[in-house]
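Me: I'm new to this structure and would like a close look at one part of it. Could you take me through the salt bridges, slowly and in plain words?

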Amino acid sequence: ILMLYPEFRLIAASPYLLEYTVEYKHPFYEFFRIEHLQGLNQQETETLLLKLGESYQKETIQHIIKNQPKRVESLRRLTGGTIRIIILMFEIFVDSQKGKAFDDLEHLIDRITPLYKHRMDDLPKNQQSIVHAMALEWDAISTKELVEKTRISSKIISAQLKQLRDNGWVEAIPTTTKNHLYRLKERFFNIWYLMRNGRKNHKQRVYWFVRFLEEWCDEKAIIKKAKQYIEALKDKNYNTNTAFYSAITIIGTKHLPIDIKCEVFEKTMNFLERYNKELAKSLTKCKIELFIEKDDKQLITLSSESDIKLLKKIEQLVKNGQTEMIKELIYPKKNGNIYFKTGQIFKENKNLAEAKNYYEKAIKYGYTEASNNLAIIYKVEFKNFQKAKELYLKAIKNNNVNAMFNLALLYEKELKNFQKAEKLYLKAIEKNHNDAMYNLALLYKNQFKNFQKAEKLYLKAIKNGNIKALNGLAWLYFTQKVKPQDALKYATKATKINIPNYSHTLANIQLWNNQINKSIITSSKFIYNILFIETHPDAYKHYLLMLLSKKQYHFVYNLFTNKEYKDLQLKDRYRPIWFALMYFMKDEYPNEYRRMGSELKETVEEVIEAIKKMSVDYA
């Protein structure tokens, strides 16, 4: 029929190449023209997901695209925008409320496993060995490298590669020599293989890439980070140095609610008292003078030994689900502090209804801090900003300075009323609230663009001993490109506390001033003890970008390839930056950039553009 009647047109789709259409000996070879569908872009992906949402009456996907667009974008890049996988993504999105790209990836891989396993099992033995070697390598690989990894002769490898190319498994990348590089064409198959058949370090490479994508595409959610840290402390093998510095960093975070700061402090103290008493003493010394206002001290101290014993008993009852017995223990006391701390315990155990109940009782007995904390629940957990505002105002009537500060934050971050935020920050500053000085300085800098007022407030906060203000003022001078020596002075002072974010500021300012001491920053001590790559990968990422913007290509190349830093696995952690480096070093390494998989292309291009922009901004 097809031979005799040209009016007929058949349009077909297949998730893989059919041999009938690619082998000239087969009857359909001459009747079909193959059109390879490209992956969807960001807009097309969102459009497809929204349409699927309409068809299946799922509102969740609209919420995800609106509130977590970078979650969708991370997975789109990982999967190459392949339509059939995006359909699976849709089902995972609407069924999963975790909101983390790596969790979504795990679900997606579970769903796709039967299809990919079947396809792999159908390959001849030699081709399976070649695909296995290529998948574990991830980046493009040469024929010579495949021979070394598979122990198959070069002749057989070349013949099998041709078949794999014809059947759509493999793509060839031309190089500056006659020898091509080869990689698996379907990038998500490669990721699936690493996750399901690779060793632990292979899966870790995928994890680091996903984490890089999430951090590159979106800002950090500090509250989630803090909660993840609290959860991590349950592991007795957690590094005590990491615990100490993570606690200081989290407690010093500008937008973190005070109740979470105190929870971080208490949990870290419990952990360090068990495993490193010296660090516990150090944390005790810096808790008040550095980060927590004196007015907040009631949140982390208890009134008596009997209260401590009582609260420990309450904590155990909550864990056991015996909440009714708690009423008998504490109702006769009519003690606002006990009600408040019981509310804290319930909140810690995710029982918000009971936490709300005990906070309300604490308010009844005059414990004004409970109004502040109940407002935080309404703000953070229930997203009821109006109710939170009412409770903050109630606490403010009782002269609660924390409520002034938190309501200012609410106006600034959620309600976007910067004028009211300014007034409340000023009111808190009258009561010498150190963080209010710091936050108002940020507001003047970021929203009002009043750098002189920001500078004055930073200086005032510094006089009051606010370490964050040292770093903030240094960063203000750095971004405005003024007072380079003062920027260096304040950044150096801030770095003495040894917090990664502050060292990251100092490194940037040193680069700006061309005063960076390479003998120091190339040492293991700098990498491990100052930048804390494990706990602050984003600071280290920015540091690498700054070095590249200053054309320190060989220096960064040394960081990636030096055996001294092998344990850091920088190539795997920062793959997009590695390929951006190879782009800038094409003259010396003409073929390394070609090894990059298509799933990285868009991100690497953005990294390159960011570096070029930084080279102008920080010239």
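Reply: Here's a walk through some of the charged pairs, with a quick stop at the surface afterwards. Keep in mind that this is a predicted model.

A search of the whole structure turns up 27 salt bridges. The basic idea is simple: side chains of opposite charge can pair when their charged atoms come close.

Let's start in helix α2, where Lys51 and Glu54 sit three residues apart, about one turn of the helix. Their side chains form a salt bridge, at 3.7 Å from N to O. Lys51 is partly exposed, because its relative accessibility is 49%. Glu54 also comes out at 49%, so Glu54 is partly exposed.

Now hop over to helix α19, residues 352–364, where Lys356 and Glu360 are four residues apart and so about one helical turn from each other. Here the salt bridge is 3.1 Å, N to O. Lys356 has 24% relative accessibility, so it counts as partly exposed, and Glu360, with 36%, is partly exposed.

Next up is the pair Arg595 and Glu592, joined by a salt bridge of 3.2 Å, N to O. Arg595 is buried, because its relative accessibility is just 15% and the cut-off for buried is under 20%. Glu592, at 25%, counts as partly exposed. Elsewhere, bridges with shared partners tie Glu73, Arg76, Arg77, Glu602 and Glu606 into one network.

And that surface stop? Ile1, Met3, Leu4, Tyr5, Phe8, Phe28 and Phe31 make a nonpolar patch of about 840 Å². Phe31 belongs to the loop between α1 (19–22) and α2 (42–55), and Phe31 is partly exposed because its relative accessibility is 31%.

How values were computed: Residues are numbered from 1 along each chain as its sequence is written. This is a predicted model: local features need pLDDT of at least 70, side-chain atom pairs count only at pLDDT 80 or more; totals for chains, interfaces and linings use all residues. Side-chain values use heavy atoms; hydrogens and water are left out. Patches are made of residues with over 30% relative accessible area and no salt bridge: like charges are joined within 9 Å, nonpolar side chains (Val, Leu, Ile, Met, Phe, Trp, Tyr) within 5 Å. Accessible areas come from the Shrake-Rupley method with a 1.4 Å probe; for residues, only the protein chains shown count as cover. A salt bridge is a side-chain nitrogen of Lys or Arg within 4 Å of a carboxyl oxygen of Asp or Glu. Helices (H or I, at least four residues) and strands (E, at least two) are DSSP runs, numbered from the N terminus. Buried means under 20% relative accessible area, exposed over 50%, partly exposed in between (1.4 Å probe, protein chains only).
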